Amino acid sequence: MGTLMAARLSSAMPAGADPSQVILFGRPSEHLATIQREGVTLTERDGSASVIPVHATSEAAEVEGSDLVIVLVKAWATGASVKPLKSYLARDAVVLTLQNGLGNAAQLRSALLHDGVRPHVWLGVTTQAALRTAPGRLTHTGEGITVIGRRSNEVNSRLQEIATTLTNANIPTSAVDDIHRWVWRKLAVNAAINPVTALAGVQNRAVRENADLKDACQLLASETAAVATARGLPLDAQQVMDAIDDVAEATGDNRSSMLVDLESGMRTEIDAINGAIVKEAQRHGVPVPANRLMVSLIHALEGRGQAR
Ligand code: KPL
C-alpha cells in the first residue's frame with residue numbers, strides 16, 4: 001500500500017518537479033532496490049500497466065524537512081520503522097497513519113518523541129487494496145475510499161489540504177470530523193474479512209458469496225459492534241455487515257493482507273485487529289468469543305508456518 005501511495009503521488013507531480021519531493025522510505029530490500037533501478041511497475045484494475053519512477057531510499061536523512069509522512073507498514077512494525085526518522089522530522093510535520101488495526105497512532109507518538117518534541121500524528125483509514133506480485137511490481141486490486149482526521153476530530157485547513165493533495169493524486173480522500181468512528185468501522189471490517197479469508201484461504205469476495213463465511217463475519221461483526229458501542233462509539237452489527245459487504249465487493253479480487261501474510265510465512269496483524277478488540281472488550285466487560293477464537297487460530301497458523 002505504501003508503494004501504491006508513493007507511485008500515485010509521484011505520478012501526480014508536475015513535469016519538471018524535483019522527483020525527491022515524494023520519497024518512498026523503507027528498509028533495504030529487493031523491492032526497494034528494484035524500484036531504485038527500474039521504478040514501480042503498476043498494473044491498474046483495467047489491466048493496463050505503466051512504469052512510474054519513484055524516489056526510493058533507506059536513508060532516513062533524506063526524509064529531513066518532509067511536511068507529510070504517510071505510514072503504511074504492518075501494525076507490529078510501526079515503532080521500529082519510524083524510529084530512524086525521529087531526528088529528521090520537525091514539530092510541524094504531519095505523520096499520518098493509514099495502517100490497519102488499533103494503537104498505531106499511540107505507537108507513533110511514542111516512537112517519534114525526540115528532545116521533548118514530536119510531529120503531529122493524525123490518523124486515517126483506507127480501503128484501497130494493492131498486491132505486490134514481484135519486487136517492484138504492484139497490482140491495484142481494489143478501489144476504495146480513504147478518510148483522514150485528527151485526534152481532536154476538528155478538521156483544519158492543513159488536514160483539508162492533505163485530503164486534496166491525495167485526491168488530486170488519484171487517491172480519493174475525505175477529511176472528516178469523526179475519524180475514531182471510521183477507524184472502528186474499518187477495524188470491524190478487518191476483524192471479519194481478514195481472519196475469515198485467511199482461515200478459509202479465499203479471496204475477499206467469498207465473504208459475501210459463501211453463506212458459511214458470511215455467518216462467521218456476522219458473528220464477528222456483532223461482537224465488534226458491541227465493543228465499539230460500549231466504548232462510546234455506537235455501531236450496530238447491520239452497519240458493520242453492510243460495510244463488510246461493500247468492501248468485499250470493491251476488493252473482491254483481493255486476497256486480504258492476513259491471507260497474504262500467512263501464505264508468505266510472515267507475522268500477521270491479528271494482534272492489532274482482533275487482539276485489540278479482545279483487549280477493549282475486557283476493559284468493558286463485553287464477551288467476544290469469536291474474536292478470541294480468531295486470535296488463537298491465526299496464532300496457531302503463524303506458528304505452523306514459522307512466521308517471522
Ligand atoms: O484492509 C484490507 C486488508 O486486506 O488488510 C482490506 C480492505 C480488507 C482489503 O483486502
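Helices and strands here are DSSP runs, numbered from the N terminus, with at least four residues for a helix and at least two for a strand. With that in hand, let's look at a pocket and a pair of helix crossings in this predicted model.

**The second largest pocket**

The second largest pocket holds about 370 Å³ of space. Where does the second largest pocket lie with respect to domain 1 (2–177) and domain 2 (180–307)? Both domains give residues to its lining, so the pocket lies between them.

The lining is made up of 19 residues, and those nearest the pocket's centre are Leu102, Gly103, Ala105, Leu123 and His180. Three elements each supply at least two lining residues: helix H4 (104–111), strand E7 (120–126) and helix H6 (179–200). Of the contributions, that of H4 is the largest share, at 4 residues. Sorted by class, the lining has 8 nonpolar, 7 polar and 4 charged residues.

**Helix H8 and its partners**

Two packed helices are described by the angle between their axes and the distance between the axes. Here are those values for helix H8 (residues 211–230) with helix H11 (residues 271–284) and with helix H9 (residues 237–250).

| Pair | Axes come within | Crossing angle |
|---|---|---|
| H8 and H11 | within 9 Å | roughly 50 degrees |
| H8 and H9 | within 8 Å | roughly 130 degrees |

How should these angles be read? Angles of 35 to 65 or 115 to 145 degrees count as oblique. H8 and H11 are therefore oblique to each other, and H8 and H9 are likewise oblique. As for handedness, H8 passes H11 in a left-handed crossing, whereas H8 passes H9 in a right-handed one.

Notes
Residues numbered from 1 in each chain as written. Predicted model: local features only at pLDDT ≥ 70, side-chain atom pairs only at ≥ 80, totals over all residues. Heavy atoms only, no water. 1 Å grid on protein atoms, 1.4 Å probe; cavity = no way out; pocket = protein on both sides within 12 Å on 5 of 7 lines; lining within 4 Å. Points joined across faces, edges and corners; volume = space filled by probe spheres on them. Nonpolar A, V, L, I, M, F, W, Y, C, P; charged D, E, K, R; others polar. Domains from an automatic or database assignment. Axes fitted to C-alpha atoms, helices over the stretch in contact; angles between N-to-C directions. Left-handed = near helix turned anticlockwise from the far one by under 90°.
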